[in-house]
Amino acid sequence: MSPVQPLLRIPVGVVVERRRAKSQWVDFVWRPVAVLEDVPETAPWTKLEGGDELSTFYAGSAEIELYPSETSNYRDNLATGTPQLWVILGATDAEPPYSLHMVTADPTEGEVLTQSGYDIV
């Protein structure tokens with residue numbers, strides 16, 4: 001039996017922000033700030049702008065995969081009036097400190113992915 005294939009794959013680029021933390025436990029706070037409609041010809045983790053306190057980076061590309069079985073979840077997301085995408089960054093033990101795992105438009109999947117406690121969603 002083969003795995004279910006998505007009906008549509010949408011390539012996107014992801015931009016993340018690194019902000020100096022006001023904490024004794026971490027140096028920086030990272031968060032996704034933009035999902036680009038197109039994938040630029042830029043190497044992942046290229047610094048786009050900023051300095052030591054606040055910087056933005058192109059984290060890389062991902063594909064939003066849309067499955068017919070998740071149609072009701074996508075519809076619920078659109079019905080909010082402010083549809084969301086969930087970007088998942090996984091911690092690494094090297095530089096850069098995160099890798100881009102995926103981007104999803106499914107709110108149920110996005111919520112489940114927050115439960116690990118290790119990833120940035």
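## Reading salt bridges, a core and a buried side chain

Mentor: Glu63 and Arg9 form a salt bridge, with 3.9 Å between the closest N and O atoms. This is a predicted model.

Trainee: What is the general idea behind such a pair?

Mentor: Side chains of opposite charge can pair when their charged atoms come close. Here the cut-off is 4 Å between the side-chain nitrogen and the carboxyl oxygen, and the 3.9 Å of Glu63 and Arg9 is the distance to compare with it.

Trainee: Which parts of the chain does the pair of Glu63 and Arg9 link?

Mentor: Glu63 is in strand S4 and Arg9 in strand S1, 54 residues apart. Glu63 is partly exposed, at 42% relative accessible area, and Arg9 is partly exposed at 39%.

Trainee: Which side chain meets Arg9 in a salt bridge of 3.3 Å?

Mentor: That of Glu65. Glu65 lies in strand S4 and Arg9 in strand S1, so this pair ties together parts 56 residues apart in sequence. Glu65 counts as partly exposed, at 30% relative accessibility. Arg9, Glu63 and Glu65 are thus linked in a network of salt bridges.

Trainee: How many salt bridges are there by this rule?

Mentor: The count is 5. One of them joins Arg20 to Glu53, with the closest N and O atoms 3.2 Å apart. Arg20 lies in strand S1 and Glu53 in the loop between strands S3 and S4, so the pair ties together parts 33 residues apart in sequence. Arg20 is partly exposed at 34%, whereas Glu53 is exposed at 51%.

Trainee: Turning to the interior, how many residues has the largest nonpolar core?

Mentor: A core of this kind is a set of buried nonpolar residues joined through side-chain atoms. The largest one has 18 residues, and those with the most contacts inside it include Val14, Trp30 and Leu89. S1, S4, S5 and S6 each give two or more residues to this core; S4 gives the most, with 5. Outside its own stretch of sequence, Leu89 is in contact with residues including Val16, Pro32, Leu100 and Ile120.

Trainee: Is Asn77 buried or exposed?

Mentor: Buried means under 20% relative accessible area, and Asn77 counts as buried because its value is 6%. Asn77 is found in helix H1. A polar atom of the Asn77 side chain lies 2.9 Å from the backbone oxygen of Ala105. Besides Ala105, residues that Asn77 touches include Pro83, Trp86 and Pro107.

Trainee: Which residues make the nonpolar surface patch?

Mentor: Leu7, Leu8 and Ile10 make a patch of about 290 Å². Leu8 is found in strand S1 and counts as partly exposed, at 44% relative accessibility.

Methods
Residues numbered from 1 in each chain as written. Predicted model: local features only at pLDDT ≥ 70, side-chain atom pairs only at ≥ 80, totals over all residues. Heavy atoms only, no water. Patch = residues over 30% accessible without salt bridge, like charges linked within 9 Å, V, L, I, M, F, W, Y side chains within 5 Å. Areas by Shrake-Rupley, 256 points an atom, 1.4 Å probe, with all protein chains shown as cover. Helix = DSSP H or I, 4+ residues; strand = E, 2+ residues; numbered from the N terminus. Buried < 20%, exposed > 50% of the residue type's maximum accessible area, 1.4 Å probe, protein only. Polar contact = N/O pair within 3.5 Å; in protein donor to acceptor, adjacent residues only side chain to side chain. Contact = heavy atoms within 4.5 Å. Core = buried A, V, L, I, M, F, W, Y, C linked by side-chain atoms within 4.5 Å. Lists of a residue's contacts leave out its neighbours within four places in sequence.
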